Amino acid sequence: MDGCTSLSLVHESIGALAKLTFWSLRDCKILVSIPDNINTMISLQTLDFCGCLELTYLPIGEGFNSSSNLESLIFLEIGFCNLLEVPDAIGQLSCLERLNLQGNDFVSLPNSIKGLHCLAYLNLSHCHKLKTLPNLPSERASSGGRYFKTVSGSHDHRSGFYVFGCPKLVDKFSIDLNGVSAHFNEEFSCKGIELAWLIRLIKEPYHFRCGFDIVVPWGLEVIFSRWFNNEFDEGSVIRIKQCNMDDNWIGFAFCVIFEVDKYFSVSFSSSPPYPFYLSFESENTEEYFDMPLNLELDKIGRSNHLWIIYISRQHCHFLKTGAHITFKARERFKIKKWGMSSIFKQDIDYLQRMQLGEPLPPHPNLDHSDVHYIDFDFVEKSNSSSGSKFQLPYNWLVTKEDKDENKEAKVKENNLSNVGLERPRLSPRVEISSIRMDDVFRWRKNGQK
């Protein structure tokens, strides 16, 4: 039912479809209301109203037994719907793992959102009227990762937390996280918001595939100065020579502070292929971890933001390839500085103490005797070769678990297709699941493109 430009109302008989698992009304631009009895659709796992520009209210939890409201819902997509408020009953969606609220007109979120313990993806970008944030989910979920078992190519779907293009939130940032109140000003920045998500996702790897990222307004000097002691200026390119990879090592984190100038006119002829990305460049290939947001919608002028990227241990193949690492951006994006750090199991406690504001010594990355020490070289310029390079999204490596999960999800999708209910891909990206790491190494060695 996507793109039905003449659809303005949905008949209440939709509530009788108690076994329906997937329902999308994406880009139904004149849709103005949804019947209350959607709450009886207890089997629904995906609900997509993205781009329904006239939809200002969502009747979740109204008129029915709240204990059974959309009890199976995993993914709720209501971006760019001009919602005036988020219903308080959203906190009852105990299975919800992905919530896209970007581009709406609400000024706050209900406190009940802290009850969404399975949430692994929350997008609040381009909510230009958003002023405050309540407690966000911080407790560990007893279950999760169901979303990745329902879509093929699950490693293409990003997990993370995104607050970008929210000018009123930047002007008056207030947050109460785990009982700690903060205000976005010179004295006390929005400490804790990025740490809460970093900690909870690292703790539960089933929340993501390959890695995840976090984008928040800048003002988080605590995490950058204490955690990313390996700091670099714009244009710096480095190659990691050696680092500790003992049994407690769980991955790598990269962090960049960037400014967006909405008044800058972009010349795409000489720009990088993606607006903003973390680049891993070798002789014949370039792998990119790109920003998953539409940065062209930014309306906050010259604003600073923090972007944190986490890549799990099994996907840190840049350590074997000797790739040249840097952040790249089009001209309207100014990179202030960036950093990196290896992460170990014992660091989770350090991060939790940092989140609570406890006094801590600087994170030790520079001492050769410390497990976090990284031996690296500065590279004068990136690897270059004649012709264009073979470009890969960084999540191209498919693990055995990914393959098994992908096969199971494809069977489910084929079953839907056989009855005329083929599920569309929600986040289409390049399909390269058949490429193996050995193939890429061979291309690099032989100079193939």
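**Entry 1. The open sheet**

In what order do the eleven strands of the open sheet stand? I worked from a predicted model, and I read the order as E1-E2-E3-E4-E5-E6-E9-E15-E12-E17-E10, with mixed pairing. I then looked up the edges, which are strand E1 (22-24) and strand E10 (230-233). Each of these has a single partner strand, so one side of each is left without a neighbour in the sheet. I also noted the turn between neighbouring strands of this sheet, which is 10° on average, direction ignored.

For one pair I looked up the detail. Strand E5 (residues 121-123) pairs with strand E6 (residues 159-162) in the parallel sense, over three bridges. Within E6, Phe161 is the bridge partner of Leu122.

**Entry 2. Overall counts**

I recorded seven helices and 19 strands for the protein. The protein has 449 residues, of which 55% count as buried. Its accessible surface comes to about 19200 Å², and carbon and sulfur atoms hold 49% of that surface. Among contacts with a separation of 6 or more, 75% are between residues 24 or more positions apart.

**Entry 3. Helix H2**

Which strands does H2 lie across? I found E5, E6, E9, E12, E15 and E17, and H2 runs at about 170° to E9. I next asked how many of the residues of H2 are buried. Ten of the eleven are, so H2 is largely enclosed by the rest of the structure. The buried residues of H2 include Trp197, Leu198 and Ile199, and also the charged-type names Glu194 and Arg200.

**Entry 4. The nonpolar cores**

I looked up the largest nonpolar core and found 72 residues in it. The residues with the most contacts inside this core are Trp23, Phe49, Leu76, Leu99, Leu124 and Phe161. Two or more residues come from each of helix H2 (193-203), strand E9 (211-217), strand E12 (249-260), strand E15 (303-312) and helix H5 (347-355). H2 gives the most to this core, with seven residues.

A second, separate core has 38 residues, among them Cys210, Phe232, Val256 and Ile325.

I then followed Phe49 of the largest core. Setting aside neighbours within four places in sequence, I found Phe49 in contact with Trp23, Leu25, Ile34, Leu55, Leu58, Glu77, Ile78, Gly79 and Cys81.

**Entry 5. Cysteines**

How many disulfides does the structure hold? I found zero. I therefore looked up the sulfur distances for two cysteines, given that a disulfide requires sulfur atoms within 2.5 Å. For Cys50, the closest cysteine sulfur is in Cys81 at 6.5 Å, which is too far for a bond. For Cys127, the closest cysteine sulfur is in Cys166 at 5.4 Å, again too far for a bond. Cys50 is buried, with a relative accessible area of 12%, and Cys127 is buried as well, at 0%.

**Entry 6. Phe344 and Lys337 in strand E17**

I looked up two residues of strand E17, beginning with Phe344. Is Phe344 buried or exposed? Phe344 is buried, with a relative accessible area of 0%. Not counting residues up to four places away in sequence, Phe344 touches Asn244, Asp246, Asn248, Trp249, Ile250, Val371 and His372. The C-alpha atoms of Phe344 and His372 are 8.2 Å apart in space, and the two residues are 28 residues apart in sequence.

Lys337 is found in strand E17 (residues 333-344) too. Lys337 is partly exposed, with a relative accessible area of 28%. I noted that Lys337 and Phe232 are 105 residues apart in sequence, with their C-alpha atoms 5.6 Å apart in space. Phe232 is one of the residues in the second core.

**Entry 7. His315**

Where is the place of His315? I found His315 in the loop between E15 and helix H4 (318-321). His315 is buried, with a relative accessible area of 2%. Leaving aside neighbours within four places in sequence, His315 is in contact with Cys210, Tyr394, Leu397 and Thr399. Of these, Cys210 is included in the second core.

Definitions and conventions: Residues numbered from 1 in each chain as written. Predicted model: local features only at pLDDT ≥ 70, side-chain atom pairs only at ≥ 80, totals over all residues. Heavy atoms only, no water. Core = buried A, V, L, I, M, F, W, Y, C linked by side-chain atoms within 4.5 Å. Buried < 20%, exposed > 50% of the residue type's maximum accessible area, 1.4 Å probe, protein only. Helix = DSSP H or I, 4+ residues; strand = E, 2+ residues; numbered from the N terminus. Contact = heavy atoms within 4.5 Å. Pairing = 2+ DSSP bridges. Axes fitted to C-alpha atoms, helices over the stretch in contact; angles between N-to-C directions. Areas by Shrake-Rupley, 256 points an atom, 1.4 Å probe, with all protein chains shown as cover.
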